[in-house]
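The exercises below concern aromatic contacts and backbone geometry in a predicted model. Work through each task before reading its solution.

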Amino acid sequence: AADVGLIPIYDLANHDNGKINTIMRRRDTSIAMIAGVDINAGEEIFNTYGFGSTPEIFRDYGFVEPFPLVWPLTFEKNEEFLIALLHEEGPVWFGSDSEFREVFDPQKQNVITRDREERLFALARSRLKSQSIQSLQHAQHLVSAYLDRLPTTIEEDKQALAAISAETGSEIQRVIVYRLTFKKSLSFFEKSIQDEIRSRSSI
């Protein structure tokens with residue numbers, strides 16, 4: 001609710017765009033938080049601090065959201081697209097920022113259902129299947145080249161993370177976790193695209 005102000009009680013709920021189960025409704029003089037699904041006694045209530053990208057959430061709130069992991073990328077010749085990893089084991093999604101928000105932003109849909117995750121996964125898989133081989137190969141090439149240009153590798157980041165002592169402080173640890181998550185997301189995306197291309201070649 002940062003764009004509205006400090007809202008008592010509403011601001012107590014934790015953010016999780018993967019597990020969100022409430023919707024915020026703005027009225028003329030008030031704001032209501034409404035359950036999007038039946039919430040059982042003892043079940044945690046989740047809202048959203050905004051359906052921003054992973055870099056935006058990290059910048060504004062200092063944590064890396066588990067899933068979805070959403071990364072806007074800019075390549076050579078100012079080509080841009082957004083990649084998203086919806087779960088640890090996929091699926092992946094890529095396209096424009098506006099396309100992603102239109103489909104995945106729960107506040108835009110103004111409805112949340114128990115099968116939301118299942119439906120979104122199905123949409124992502126269907127979109128990947130609809131991409132041409134040329135489009136997939138182009139995306140894979142861009143992401144692979146992007147990874148190659150990064151100054152450190154996944155293994156080097158893992159080693160740096162393991163070497164951090166308690167005295168070093170959590171700030172550096174958070175930064176390394178962020179960049180490690182970024183590289184792992186790109187690497188998983190690259191592999192997923194490769195798998196999709198191979199599956200079509202074998203038909």
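**Exercise 1.** Determine which residues form one aromatic cluster together with Phe58.

*Solution.* The cluster that contains Phe58 also takes in Trp71, Phe75, Phe81, Phe94, Tyr146, Tyr178, Phe182 and Phe189.

**Exercise 2.** Classify the aromatic pair of Phe81 and Phe94, and state which parts of the chain the pair ties together.

*Solution.* Counting ring pairs whose centres lie within 6.5 Å gives 14 aromatic pairs. For Phe81 and Phe94 the centres are 5.6 Å apart and the planes make an angle of 55°; since edge-to-face requires over 60 degrees and stacked under 30, this pair is tilted. Phe81 belongs to strand E6 (residues 80-85) and Phe94 to strand E7 (residues 92-95), so the pair ties together parts that are 13 residues apart in sequence. Both Phe81 and Phe94 are buried.

**Exercise 3.** Carry out the analysis for Tyr146 and Phe182, and decide whether each residue is buried or exposed.

*Solution.* With 6.0 Å centre to centre and 80° between the planes, Tyr146 and Phe182 form an edge-to-face pair. The pair links distant parts of the chain, with Tyr146 in helix H5 (residues 133-149) and Phe182 in helix H7 (residues 170-201), 36 residues apart. Because buried means under 20% relative accessible area, Tyr146 at 19% is buried, and Phe182 at 13% is buried as well.

**Exercise 4.** Locate the cis peptide bond that joins Gly90 and Pro91.

*Solution.* The bond between Gly90 and Pro91 is cis, with omega about 5°, and Pro91 is placed in the loop between E6 and E7.

Note on methods: Residues numbered from 1 in each chain as written. Predicted model: local features only at pLDDT ≥ 70, side-chain atom pairs only at ≥ 80, totals over all residues. Heavy atoms only, no water. Helix = DSSP H or I, 4+ residues; strand = E, 2+ residues; numbered from the N terminus. Buried < 20%, exposed > 50% of the residue type's maximum accessible area, 1.4 Å probe, protein only.
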